[in-house]
Amino acid sequence: MADAPDKGRVDKWLWHARFFKTRSLATKQVTGGHVRLNGSRISKASVTVTAGDTLTFAQARRIRVIQIAAIGTRRGPAPEAQALYLDLTPPEEKPEPTAQIERKGRPTKKDRRTARILRGSYLD
């Protein structure tokens, strides 16, 4: 990336770094006010970002905190996209595995009734 630009649009950068599948999805996220640039909410997709800026946005039920390392010129393969940023997001805590019920054959009527009550779909 010797001839990489030193600044670029935030929506293009999010698309180049492969955080969103299409540029229009990145634009919708930004214009919806769901992206923060250095702690300030932005609502225009044309906002300029540079190396060293920090972006905060929601993605797949997680809050991502990303520091921009470089501005890309194209949407290349994943290893090239991962070189564009540093992920500052704390690691996700995995929930404790729940106890598995050992099943033998079809559930009984009592098992089905209990499952409906637990799901909250049982009508009184």
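Two strands count as paired when DSSP finds at least two bridges between them. S5 and S6 clear that bar, since six antiparallel bridges link them. The structure in which they sit is a predicted model, and this pair makes a handy way into it.

S5 and S6 form a hairpin, with two residues between the strands. Alanine 60 sits in that turn and has a positive phi of about 50 degrees. Within the pair, alanine 58 faces isoleucine 63 of S6 across the ladder.

The hairpin belongs to a wider sheet. Five strands make up this open sheet, in the order S3-S2-S5-S6-S7, with antiparallel pairing. Its edges are strand S3 (40–42) and strand S7 (85–87), each of which pairs on one side only. On average, neighbouring strands of the sheet are turned by 30 degrees against each other, ignoring direction. On one side of the hairpin, S2 and S5 are joined by three bridges, again in the antiparallel sense. Here arginine 36 has threonine 56 of S5 as its bridge partner. Three bridges also tie S6 to S7, and these two strands run antiparallel. Across from isoleucine 68 stands tyrosine 85, in S7.

What do the side chains of S5 do along the strand? They alternate: Leu55, Phe57 and Gln59 point to one face and are buried, whereas Thr54, Thr56 and Ala58 point to the other face and are not buried. That fits a general pattern, as side chains in a regular strand alternate between the two faces of the sheet.

Two of those buried residues turn up again in the largest nonpolar core, which has 20 residues. Leu55 and Phe57, along with Trp13, Leu14 and Phe19, touch the most other members of this core. The elements that give two or more residues to the core are helix H1 (10–16), helix H2 (23–31), strand S2 (35–37), strand S5 (54–59) and strand S6 (62–68). H1 gives the most, with three residues. Leucine 55 shows how these pieces meet: leaving aside neighbours within four places in sequence, its contacts include Val10, Trp13 and Leu14. Val35, Arg36 and Leu37 are also among them, as are Arg64, Val65, Ile66 and Ile68.

Away from the core, alanine 78 is found in helix H3 (residues 78–82). Is this residue buried, exposed or partly exposed? Alanine 78 has a relative accessible area of 38%, so it counts as partly exposed, given that buried means under 20% and exposed means over 50%. The C-alpha atoms of alanine 78 and glycine 33 are 26 Å apart, with 45 residues separating the two along the chain.

Now for the chain as a whole. Its secondary structure comes to four helices and seven strands, and reading along the sequence gives the pattern β-α-α-β-β-β-β-β-α-β-α. The radius of gyration is 22 Å, whereas a compact globule of 124 residues would have one near 14 Å. Taken along the principal axes, the C-alpha atoms fill a box of roughly 70 × 30 × 25 Å. Of the 124 residues, 27% are buried. Among contacts with a separation of 6 or more, 45% come from residues 24 or more positions apart. The accessible surface comes to about 9,300 Å², and carbon and sulfur atoms account for 51% of that.

Notes
Residues are numbered from 1 along each chain as its sequence is written. This is a predicted model: local features need pLDDT of at least 70, side-chain atom pairs count only at pLDDT 80 or more; totals for chains, interfaces and linings use all residues. Side-chain values use heavy atoms; hydrogens and water are left out. A nonpolar core is a set of buried Ala, Val, Leu, Ile, Met, Phe, Trp, Tyr and Cys residues joined through side-chain atoms within 4.5 Å. Buried means under 20% relative accessible area, exposed over 50%, partly exposed in between (1.4 Å probe, protein chains only). Contact means heavy atoms within 4.5 Å. Axes are lines fitted to C-alpha atoms, for helices over the stretch in contact, and angles run from 0 to 180 degrees between N-to-C directions. The radius of gyration is taken over C-alpha atoms; the globule rule is 2.2 Å times the number of residues to the power 0.38. Accessible areas come from the Shrake-Rupley method with a 1.4 Å probe; for residues, only the protein chains shown count as cover.
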